[in-house]
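Please read the following report alongside the sequence and the 3D view shown here.

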Amino acid sequence: MRRTGGEGKQVAGTTVEDMHRIGGSREENPHLKPREATLKPPGISLLHAPSPREAARQIREAFPAADELHAAAQVIGSTTVEKIQSAGFDLIPNPTKRLPNHYRLIHPDGVAGCNDENLVRLSAVFTETSQDTQYDVTTRHAYR
Amino acid sequence: MMSQRVTLIDKGQQVVATAQVVEQDGTFIGRIDLRLMPLPLQRLFEEYEEIVKTHMFSLLDAIEAQIETLHLKGVFEDGHEATLTDMQIYPSTKKVSFQVVQGVISRPDSI
């Protein structure tokens with residue numbers, strides 16, 4: 001896999017589900033929020049991590065007092081770059097100071113491409129993992 | 001872990017908040033009282049909270065840079081004053097976390 005690390009450059013595909021969306025991937029979650037629609041290019045956040053559990057751990061470490069985010073991170077949607085591309089979307093590295101493994105999920109048509117129909121297709125390529133951190137239980141399920 | 005009270009002050013030495021925190025691996029975490037915080041500052045941290053809880057992480061760097069320019073300091077119970085960094089305040093849950101900039105601590109005058 002090739003990762004350039006610079007913002008705005010696209011990434012090559014992987015076969016491991018190492019791209020994670022906090023809060024899962026049901027249709028409402030991947031929707032662009034108004035401020036995300038103004039980004040250049042517009043897009044939503046994904047984290048690159050070896051597993052959904054590791055992505056959740058990184059979130060708790062980076063934002064130790066963010067209770068609501070911790071709650072959201074009990075559900076993680078995971079997929080691969082190839083699957084994202086197969087759904088018509090793409091990824092660009094977008095490291096931040098706090099999250100150097102941050103990527104932005106974009107559509108070639110920008111905001112117009114992030115429509116309901118395309119987002120349903122996108123959601124279908126994610127596998128959702130629910131994590132009960134208290135009891136260390138992980139439940140994985142794909143949904144279509 | 002020992003809970004301690006810290007008073008947050010701004011560049012003009014004005015008290016902007018008080019917090020009750022515990023230190024965990026170099027990070028202070030706890031609850032914060034924002035009643036003394038000026039409205040523009042509250043708005044800034046409300047915006048920060050919104051970005052974090054909706055995981056719009058593409059917007060993080062810009063707002064965290066704004067927060068760093070506040071140059072907030074903490075006055076701890078024993079009187080020592082420290083420059084704070086990595087300040088995260090979540091107004092809706094009244095939670096806070098921050099770190100202390102190492103080497104930028106002033107102790108109260110010793111006799």
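The report below takes up a strand of chain A, then the contact between the chains, and then chain B.

This is a predicted model, in which local features need pLDDT of at least 70, side-chain atom pairs count only at pLDDT 80 or more, and totals for chains, interfaces and linings use all residues. Residues are numbered from 1 along each chain as its sequence is written, while chains are lettered from A and ligands numbered from 1 in the order in which they are written.

In strand β1 (residues 19–22) of chain A, A:M19 and A:R21 point one way and A:H20 and A:I22 the other way, and all are buried, buried meaning that 20 or more other C-beta atoms, placed from the backbone, lie within 10 Å of the residue's own. Strands are DSSP runs of E with at least two residues, and helices are runs of H or I with at least four, numbered from the N terminus. The table lists the partners of β1(A), where two strands pair if DSSP finds at least two bridges between them.

| Partner of β1(A) | Bridges | Direction | Opposite A:H20 |
|---|---|---|---|
| β2(A), residues 44–48 | two | antiparallel | A:L47 |
| β3(A), residues 75–79 | four | antiparallel | A:S78 |

The contact between the chains takes 22 residues from chain A and 19 residues from chain B, two residues being in contact if their C-beta atoms, placed from the backbone, lie within 7 Å. On the side of chain A that touches chain B, α3(A) gives the most, with four residues.

Chain B has two helices and six strands, in the pattern β-β-β-α-α-β-β-β along the sequence. Buried residues make up 32% of its 111 residues.

Conventions: A residue is buried if 20 or more other C-beta atoms lie within 10 Å of its own, exposed if 12 or fewer, and partly exposed in between; C-beta atoms are placed from the backbone.
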